[in-house]
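Work through the following exercises with the predicted model at hand. Each task is followed by a solution in steps.

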Amino acid sequence: RSYLGRAIIIQQSQEMRYLGGKSRTRNQIAAYLNRIRKPGQPYWEPFVGAGWVLEKIKGQPIYASDANASLIFMWQRLQQGWQPPMVVTEAEYQQAMAGEFDAALTAFIGFGCSFGGKWFGGYADNHNARNYADNAFNSLTFKSSRLTGAHFFTANFLECYVPAYGCLIYCDPPYDDTTA
């Protein structure tokens, strides 16, 4: 498999990028999960990332976690109505990387304004007249409006307990031999 080719596709989308994101395959994955999920069965996504599959899951209860605490804080703040910025300057990117902002804004900038959605993988300026912050803003605010009932929590999948008995768990862990 060519991970480089996949990253290029993610960069060209008009959505928030996240390394390994499922923006192009979310409909097929979620359709299968919704089909096999029993009524009322808890659903857990332990590697939520940008939430592409999660936003297509139907029914409750829904649990979502990630080892990146800033990312989870961003999702929780979005559920509370927080609005990320529509423009992020290179100076603000550097401030976020230096830890000068709260965790939600840091996660938004660290993923949404970085090349290929890699955590602070380089400031993605408005290349080809594209506003990366605006794309991430639109993507996240739309998704968060559909995830109001989801329970987000920080957890390392290998060290935590399943959040509810009988969960359908969708694991899309990091890929071997790729960027961490």
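The exercises concern helix packing, the sheet and the cysteines.

**Exercise 1.** Determine how helices H3 and H5 are oriented to each other, and which residues make their contact.

*Solution.* Two packed helices are described by the angle between their axes and the distance between the axes. For H3 (residues 69-79) and H5 (residues 103-112), the axes come within 7 Å and cross at roughly 110°. Angles of 65 to 115 degrees count as roughly perpendicular, and H3 and H5 are therefore roughly perpendicular to each other. H3 contributes Ser70, Leu71, Phe73, Met74 and Arg77 to the contact, while H5 contributes Ala103, Ala104, Ala107, Phe108 and Phe111. By class, the residues of this contact are 8 nonpolar, 1 polar and 1 charged.

**Exercise 2.** Establish the strand order of the sheet and identify its edges.

*Solution.* The open sheet has 4 strands, ordered S3-S2-S1-S4, with parallel pairing. S3 (151-154) and S4 (168-169) each have a single partner strand, so they stand at the edges, and one side of each lacks a neighbour in the sheet. Strand S2 (residues 62-66) pairs with S3 over 4 bridges in the parallel sense; Ala64 has Phe152 of S3 as its bridge partner. Helix H3 lies across S2 and S3, and runs at about 155° to S3.

**Exercise 3.** Decide whether Cys113 and Cys171 are buried, partly exposed or exposed, and state how many disulfides the structure holds.

*Solution.* The structure holds 0 disulfides. For Cys171, the nearest cysteine sulfur belongs to Cys160 and is 9.7 Å away, whereas a disulfide requires sulfur atoms within 2.5 Å. Cys171 counts as partly exposed because its relative accessibility is 35%. Cys113, at 2% relative accessibility, counts as buried.

Terms used:
Residues are numbered from 1 along each chain as its sequence is written. This is a predicted model: local features need pLDDT of at least 70, side-chain atom pairs count only at pLDDT 80 or more; totals for chains, interfaces and linings use all residues. Side-chain values use heavy atoms; hydrogens and water are left out. Axes are lines fitted to C-alpha atoms, for helices over the stretch in contact, and angles run from 0 to 180 degrees between N-to-C directions. Helices (H or I, at least four residues) and strands (E, at least two) are DSSP runs, numbered from the N terminus. Angles under 35 degrees count as roughly parallel, over 145 as roughly antiparallel, 65 to 115 as roughly perpendicular and the rest as oblique. Contact means heavy atoms within 4.5 Å. Ala, Val, Leu, Ile, Met, Phe, Trp, Tyr, Cys and Pro count as nonpolar, Asp, Glu, Lys and Arg as charged, and the others, Gly among them, as polar. Two strands pair if DSSP finds at least two bridges between them. Buried means under 20% relative accessible area, exposed over 50%, partly exposed in between (1.4 Å probe, protein chains only).
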